[in-house]
Amino acid sequence: MTTDFVDAVAGFATGVVVLTVRDGRDDLGTTVTSFMSVSLEPPMVLAGVASSSYLAEVLRRQSRWAATVLSTGQRALAGRFAAEGRPSARLLLASEPHHRGDLSGALIPDTGLAALECETRQTIDAGDHTLFVAEVLSADYIARREKPLIRVNRRYLGDN
């Protein structure tokens with residue numbers, strides 16, 4: 001069943017988001033495709049993170065984080081943040097223009113489609129993932145002319 005399920009959901013096209021959080025002196029981040037808007041009033045999103053990951057542990061302690069919706073030109077960045085054993089987000093973003101979010105303190109790439117600073121309001125254990133339901137505190141930026149990076153059938157789609 002697991003292989004069939006993975007194959008079935010791989011065909012579902014989804015946007016690609018880099019989620020980042022500051023934990024004391026370190027910065028963590030990962031690529032997620034389990035991300036969605038859940039409410040307009042108040043503005044809320046949901047991000048799914050593997051429960052066994054260190055990032056999930058940090059997100060349980062640090063309520064504020066950032067989500068950057070990636071653009072088509074950011075396939076390499078998505079790959080770096082998805083790699084096993086990846087280093088600190090500071091190192092992953094060293095060659096990319098980025099800044100710290102005013103409200104979250106998280107590192108935010110400057111060249112995405114949009115960046116949201118969020119505060120977790122609820123966590124939900126869901127199988128092998130933890131769902132973080134968060135209120136959007138600010139839209140750090142929105143680049144309306146950019147095209148989104150899409151993942152479907154285990155591949156990134158888009159121009160470039």
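**Exercises: a sheet and a pocket**

Strand 2 (residues 17–23) and strand 3 run antiparallel, joined by 7 bridges. The model is predicted: local features need pLDDT of at least 70, side-chain atom pairs count only at pLDDT 80 or more, and totals for chains, interfaces and linings use all residues. Residues are numbered from 1 along each chain as its sequence is written, and side-chain values use heavy atoms, without hydrogens and water.

**Exercise 1.** Place strand 3 in its sheet.

*Solution.*
- Strands are DSSP runs of E, at least two residues; helices are runs of H or I, at least four; both are numbered from the N terminus.
- Strands pair if DSSP finds at least two bridges between them.
- The open sheet has 7 strands in the order 3-2-6-9-10-5-4, paired antiparallel.
- Strand 3 (26–32) and strand 4 (35–40) are the edges; each has a single partner strand, so one side of each lacks a neighbour in the sheet.
- Within the pairing of strands 2 and 3, Asp23 stands opposite Asp26.

**Exercise 2.** Describe the largest pocket and its lining.

*Solution.*
- A pocket is an open set of points on a 1 Å grid over the protein atoms alone, where a 1.4 Å probe fits, with protein on both sides within 12 Å along at least five of seven lines; lining residues have an atom within 4 Å of a point.
- Its volume, the space filled by probe spheres set on the points, is about 1300 Å³.
- Of 38 lining residues, Thr31, Val32, Thr33, Ser34 and His129 are the closest to the centre.
- Strand 3 gives the largest share of the lining, 6 residues.

Note on methods:
Nonpolar A, V, L, I, M, F, W, Y, C, P; charged D, E, K, R; others polar.
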